[in-house]
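Okay, thanks for coming, everyone. I'll put the structure up and then walk through a few spots in it.

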Amino acid sequence: MVETVNSVLIDARNWDVEAPKLIEKIKAQAFIGLDIETHDDDAHQGIKDFRGKKTAKVFDIRRTTITGFSIYPEHDDQAYYVNLAHADVENRIPWETAKTLLDARQDTAYFIAHNAPFEFCMYLASLGYKLERVICTLQMAVSAYGPDEYDQHQFLSAGLGAMERVALKAAKVFAEYEPGSDMNTEQAELFTQVTGKQSNAEHSYNGFISNLTYGYNLKKAVRSWFGYQMTTFEKCLGDKEHMGQLTGKDVASYGADDAFWAVKLFRRLLEFMAQTNPDVIKTYFEQELPMVEVFGTTWNEGMVVNAAAIKSRRSTEREECAKVLRRLKAGINKLLNFNPEPNPVLFEKEKWYAKSFNTYRNRVQTWAFLPDCDDAYDQCLQASGAVSNAWAAETGKRKPSGPNFTHYMVMRTVMYDLMEQKVVIMKGKVQSDAECRGRIMDRIKKQLKGCENLLRLDFERTEKPAKAIADALRWIQSDPRTEELAAIWLRDQYEFKEAVKVQGAFFTASLDVMTTLGELAGIEQRMKLYLTPYSKLTDPDTGKMYPVTSSMLATRRMGGKNPNAMQLAKRGESTYVRGFFEPDNSDHLIVSIDWTQIELVIIGDESGDPEFAKAYGQTPYQDLHLGAAADGLRVTIPEMTEELLLDLHKMDEEEVLEINPKILTNVNGELLSPGKAKKYWRTEIGKGSNFNYWYSGALSTVGMKLGWSTDQMWEATDNYRQRFAVAEAWRKGLIDEVKANGYITLPDGHRRTRFEATPLWRQLMAQRFNSYNQPGITKFGSEVMRSIQSRANNQAVNARVQGTCATLAKRSIIGVNKEINSAGFDARFMLPVHDELLFSVNKNEIWDFIQMAKGIMCNHPDIIRNLTVDATAAVGFTFEPFHAEKAPLGQIELDEAPELDCIPSHLEGSQLGRDETGAVVEWLNRQLAA
């Protein structure tokens, strides 16, 4: 039988009677449930625009009103709701009076709240009241189980759920399928519907599991653990717009329920953790719970941003977008001549194309015929997209109806239909993402190279013209006009060269179009991810944004939203976004401290691999990437050795070309100097392999980028495994562990549960697919199970590494914050960004603070036992990496000093000491003053 509680409304009518009794009950209990109800109907307009029609709540914390709070002293048969700011104004209790209830708690007692960072932040921002000693049952749930974890007993009786609809279609589609062979389009589509990594559709496996998970949301967790369905927010709100429009009586039962069930959930989770994983209880109280206050504090304090710079950059990107659209239009007009027949591959594989290819062709053509506009606004509004849509909304105009060239349908119409490029297909599905576009651009460059080779042919002196033409045509063999060119060659050499020139012009225009499509996609992404939301999220009064940090990922890594700091790239076209973030005040600088290659250090330390030990057993680190690069290069360059690659920069170009010209030729066919070739292969193959292999067990990403065949990719993978044989055994050991136990345990005691990795899961799923007695469903199910189980294996390895990164980050943040308080530093932890920790620090304390923080961040002997942890520090008035012209106030590296007039030339690239660091700070001050 489900236990419930009565609710009691406390307001001006019964305060004198009920409050004294409640105070005594609060004093008598060690655990008191707590919950608040709020509204932010007064949010600034930017927040309201950002929310739009989204269901996810984005709070304006400075304009949030706490309408009431609920309290439940454990073991009471009543939970209480206090009216602070509801519609029945005459019944409200003044905050100074109401807070005597919270103050009645004993110093040794705890409040229990679900999503305590929210409570912490809102009390502080709305009422100036600092909550202390709060147990967060949301974070407790995260320690107890993963976001996709479920009761296996429920799984046993779940059947296939909505996946059955897909399986029934597969009965016919997979009837003739040969296991292990490539899937056709229809088969791949059904397969992806179930196995898609990002899909949460009801018929996907993720959607199927979502219905079974314990859940982190209080209402779902209560339903999972107690079988009780709490009243939803929507039902409580009814036809009102926000909580402030309801009376205290309307909300009392709903609010009291939250406080009551928070306490009940705390007890149930504590019991569950004690039964399944008692070690994580200590981790929760010593590591995760202190981070709850960190999350609440950073949310409340926010981040100072340069609103003028955001607005200025938005204008710049809009102007650039208009320029790119004009260039795109010019390029498309050079190509405009659609084949009367539809593209056969698209027609077969893309339903939207087969149904509406003429519609999309006409939209592209109609747009291309529009006259260009001098005004950027008018130019942008000819097409749809993140730039024009937001711009139109800002000016109150209707959303543009022109083609969106970053949408996959329009993009594929241009790339494959208009340009007639060979369609890129992966796992049976047509591709058009950035990686795909890069491959097409590489192909077009080779086609252009082929045209150049053809034009250079000397017909009079060519001894074997047939072979010469064949070799030259091979560069453009993917083009449908190859046979036509060969026929012209045989007929008339002058006409042939003229035809090649036409073909070259076509490829040149195609390359221009592909380039502008890439530029447009970059602008659209930067506008969508950063500039449009940043301009709306910035508080007009404080000049701050208030990002929300949490730790609810399956790996227990930290994440963020509104905005998501994890999206801040350190390199690339969007790097300037970091320049928007500034220190807390004019006396501070931003200090960023970044762990060096920490993921590889973790792999090396856990595995005990000697190759990793050579690289990371000391500081400064040795290079781990060159050896891996040499192993990969050997699949196409047999002469390659690690020693050769190591000394490549010392060799003459002719000497290298004699060994093998491919050593100095990048994937685009461009010739590199020996020094640049060494850096190129180190990055593209060595670094790419080291940071990708361990999470997938193959070098498919690297191979795809370099154009390796499947056999070459697996040969390179075998080479890689042989070099790091001990680490490979460790990786396989983790997979064996998750197969045997259904989970792996992270160093801090958390678990990553993956029942999908176990033989029992496969047996149960196989029984379900086989029960239909349809060969097509059986074969479909086998492929689905193989994919999901392989993913589960890789997720276990990923969780072990990423989870260890999370442990290091959280413990470091807690340790540094303690030292800030005890030593009296004028400093504040701001945000985590990937493996960087960001602080606002007084200019006069930079050196001492960095030494303290790095000392804590690099000293975790219970986690990294044998290898050396290292970190680099940088300092600046913004968070953007320093650049003499683009970011003169940006982050200056103190462990790899740049060329700067305040740094002695012999220290460039070296670690700076106290005096040199002080000189950098002074130099930055002068730049700011100038």
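Before the sheet, one bit of vocabulary: two strands count as paired if DSSP finds at least two bridges between them. And keep in mind that this is a predicted model.

So, the sheet. It's an open one with five strands, and the order across it is β17-β18-β14-β19-β20, with antiparallel pairing. Which strands stand at the edges? Those are β17, residues 827–833, and β20, residues 892–893; each has a single partner strand, so one side of each is left without a neighbour in the sheet. As a reminder, strands of a sheet pair through backbone hydrogen bonds, either parallel or antiparallel.

Let's stay with β17 for a second. It's joined to β18, residues 836–842, by six bridges, and the two run antiparallel. If you want a landmark there, look for Phe829, which stands opposite Phe839 in β18. In the loop between β17 and β18 you'll find His834. His834 isn't a glycine, yet its phi is positive, about 55°. Is His834 buried or exposed? Neither, really: its relative accessibility is 44%, so it counts as partly exposed.

There's another residue with that kind of backbone angle, Arg133, where phi is near 55°, again a positive value in a non-glycine. Arg133 sits in the loop between α4 (116–127) and β6 (134–136). With a relative accessible area of 35%, Arg133 is partly exposed.

Now for some helices. α16 covers residues 351–368, which is 18 residues, and at 1.5 Å a residue it should span 26 Å; the end C-alpha atoms are 25 Å apart, so that agrees. Where is the kink in α16 centred? On Phe357, and the kink is about 75°. Phe357 is also one of the buried residues of α16, along with Trp352, Tyr353, Tyr360, Arg361, Val364, Trp367 and Ala368. Yes, there's an arginine in that list. What covers these buried residues includes α14 (307–335), α15 (344–349) and α19 (408–418).

Next, a helix pair. In general, two packed helices are described by the angle between their axes and the distance between the axes. Here, the axes of α26 (residues 625–633) and α32 (residues 710–723) come within 8 Å and cross at roughly 145°. The contact uses Gly627, Ala628, Asp631 and Gly632 from α26, and Ala716, Asn719, Tyr720 and Arg723 from α32. As for handedness, α26 passes α32 in a right-handed crossing.

While we're around α26, have a look at the loop between α25 (610–616) and α26, because that's the place of Pro620. A cis peptide bond joins Thr619 to Pro620, with omega about -5°. There's a cis bond from Asn562 to Pro563 as well, with omega near 0°. Pro563 is in the loop between β12 (559–561) and β13 (581–582).

Last stop: Leu102, in helix α3, residues 95–103. Why does Leu102 count as buried? Its relative accessibility is 2%, and buried means under 20%. What is Leu102 in contact with, leaving aside its neighbours within four places in sequence? Leu34, Phe69, Ile71, Trp95, Phe111, Tyr123 and Tyr129. And Lys27 is 75 residues away from Leu102 in sequence, but 9.9 Å away in space, C-alpha to C-alpha.

That's my tour, thanks.

Definitions and conventions:
Residues numbered from 1 in each chain as written. Predicted model: local features only at pLDDT ≥ 70, side-chain atom pairs only at ≥ 80, totals over all residues. Heavy atoms only, no water. Helix = DSSP H or I, 4+ residues; strand = E, 2+ residues; numbered from the N terminus. Expected span 1.5 Å × (residues − 1). Bend = angle between axes of the 7 residues up to and from the residue. Buried < 20%, exposed > 50% of the residue type's maximum accessible area, 1.4 Å probe, protein only. Contact = heavy atoms within 4.5 Å. Axes fitted to C-alpha atoms, helices over the stretch in contact; angles between N-to-C directions. Left-handed = near helix turned anticlockwise from the far one by under 90°.
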